Amino acid sequence: MKILVLGSGAGGGFPQWNCNCRLCAGQRQGALTAHARTQSSIAVSADGESWVLLNASPDIGTQIRNHPQLHPRRHGESQRNTPIKAVVLMDAQIDHVTGLLGLREGPCIDLYATPCVFEDLTTGLPLLNVLQHYCGTRWHMVPVAGDQSSAEFEIAGFPTLRFTAIAIPGKAPPYSPHRREQVAGDNIALVIEDTTDGRRLFYSPGLAEVGDQELRWMRDADCLLVDGTFWAEDEMQAAGLSDKSAAEMGHLPQIASASRAGMVDVMKATQAQRKVLIHINNSNPILDEGSAQRRLLAAHGIEVAYDGMEITP
Ligand code: MLT
Ligand code: MN
Ligand code: ZN
């Protein structure tokens with residue numbers, strides 16, 4: 001299995017267009033060693049020819065332009081073609097879904113998502129209704145809802161990859177009918193197993209909490225690619241950027257707070273060969289490659305995803 005990190009930033013990317021915080025300004029001025037990042041999305045392939053997108057970021061045009069693996073092929077019968085064969089959505093957040101609009105010039109989109117996400121994308125943020133006037137979407141329901149907290153599924157054209165969607169703690173978007181009370185399927189993690197070698201990826205760019213269930217799946221993975229949004233619980237408040245805590249935004253920060261263990265502790269409790277953080281918010285000090293926070297991650301064998309990173313679990 002091949003994984004291509006198309007975008008490693010959280011909503012807004014890095015630097016964020018309207019932000020003059022120490023990190024965003026430092027990146028613009030070249031005062032920090034810090035790479036710009038587009039909004040989070042990855043592509044997965046078994047053969048390097050056909051690709052599945054996990055989330056469709058608003059930066060999708062730039063992301064495809066920057067990655068030749070996703071360019072149209074010369075040998076197609078048509079001059080217009082794409083190696084992107086399907087899209088799987090982890091939730092209905094703006095930074096994960098609005099890139100679907102950027103695919104409208106192509107063929108009908110094979111879309112894999114939970115019932116809640118299809119609901120959000122036809123009500124609060126009716127992108128799928130809009131797309132009916134362009135390429136259209138073919139719906140593949142991933143049955144994580146109600147009591148069903150996980151579901152295995154296949155994607156046509158990827159016979160050697162086995163996908164499992166897992167309901168995880170998180171937040172539905174502000175325009176969702178479930179914003180105040182999360183239901184199963186608002187947020188999923190994905191386990192992808194390559195059945196030719198048994199290697200497993202655990203992907204969860206938005207993870208609010210790691211309980212026993214999540215930890216069990218994470219311990220079974222060879223590669224973790226997980227929520228790296230915030231370093232600390234009150235990081236946005238401390239920098240004067242927002243009055244919301246990490247918990248209120250549905251993200252588990254990297255370091256422990258008085259109330260809970262952090263993602264670093266969680267990752268230390270797993271044996272995965274690759275431990276990688278993705279969906280890094282522009283307020284997170286780990287964006288600065290010279291930071292003490294970055295050294296702490298390195299000491300624990302934890303990597304920070306960057307746009308263009310290629311991973312083979
Ligand atoms: C989040 O995951 O909390 C988002 O990145 C917020 C956003 O997209 O505005
Ligand atoms: Mn996000
Ligand atoms: Zn900033």
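This report describes the overall fold dimensions, the surroundings of ligand 1 and the manganese site of a predicted model.

The protein chain contains 10 helices and 14 strands. Its C-alpha trace spans about 55 × 45 × 40 Å along the principal axes. For 313 residues, a compact globule would be expected to have a radius of gyration near 20 Å, and the 18 Å found for the protein chain agrees with this. Of these 313 residues, 55% count as buried.

Ligand 1 is surrounded by G11, D95, M249, H251 and H279. This shell comprises 1 nonpolar, 3 polar and 1 charged residue. Oxygen atoms of ligand 1 lie close to polar side-chain atoms of three residues, as the following table sets out.

| Residue | Distance from a polar side-chain atom to an oxygen atom of ligand 1 |
|---|---|
| D95 | 3.0 Å |
| H251 | 2.9 Å |
| H279 | 3.3 Å |

Taken alone, ligand 1 exposes 260 Å², of which the protein buries 69%.

Which protein residues act as donors to the manganese ion (ligand 2)? They are D95, through OD, and H279, through NE2, at 2.1 to 2.2 Å from the ion. D95 belongs to helix α3 (residues 94-97), while H279 sits in the loop between β12 (274-278) and α10 (292-299), so the pair ties together parts that are 184 residues apart in sequence. Both D95 and H279 are buried. D95 and H279 also belong to the residues around ligand 1, and thus appear in the descriptions of both ligands.

Definitions and conventions
Residues numbered from 1 in each chain as written. Chains lettered and ligands numbered in written order. Predicted model: local features only at pLDDT ≥ 70, side-chain atom pairs only at ≥ 80, totals over all residues. Heavy atoms only, no water. Near = heavy atom within 4 Å. Polar contact = N/O pair within 3.5 Å; in protein donor to acceptor, adjacent residues only side chain to side chain. Areas by Shrake-Rupley, 256 points an atom, 1.4 Å probe, with all protein chains shown as cover. Nonpolar A, V, L, I, M, F, W, Y, C, P; charged D, E, K, R; others polar. Donors = N, O, S within 2.8 Å, 3.2 Å for Na, K, Ca; no water. Helix = DSSP H or I, 4+ residues; strand = E, 2+ residues; numbered from the N terminus. Buried < 20%, exposed > 50% of the residue type's maximum accessible area, 1.4 Å probe, protein only. Rg over C-alpha atoms; globule rule 2.2 N^0.38 Å.
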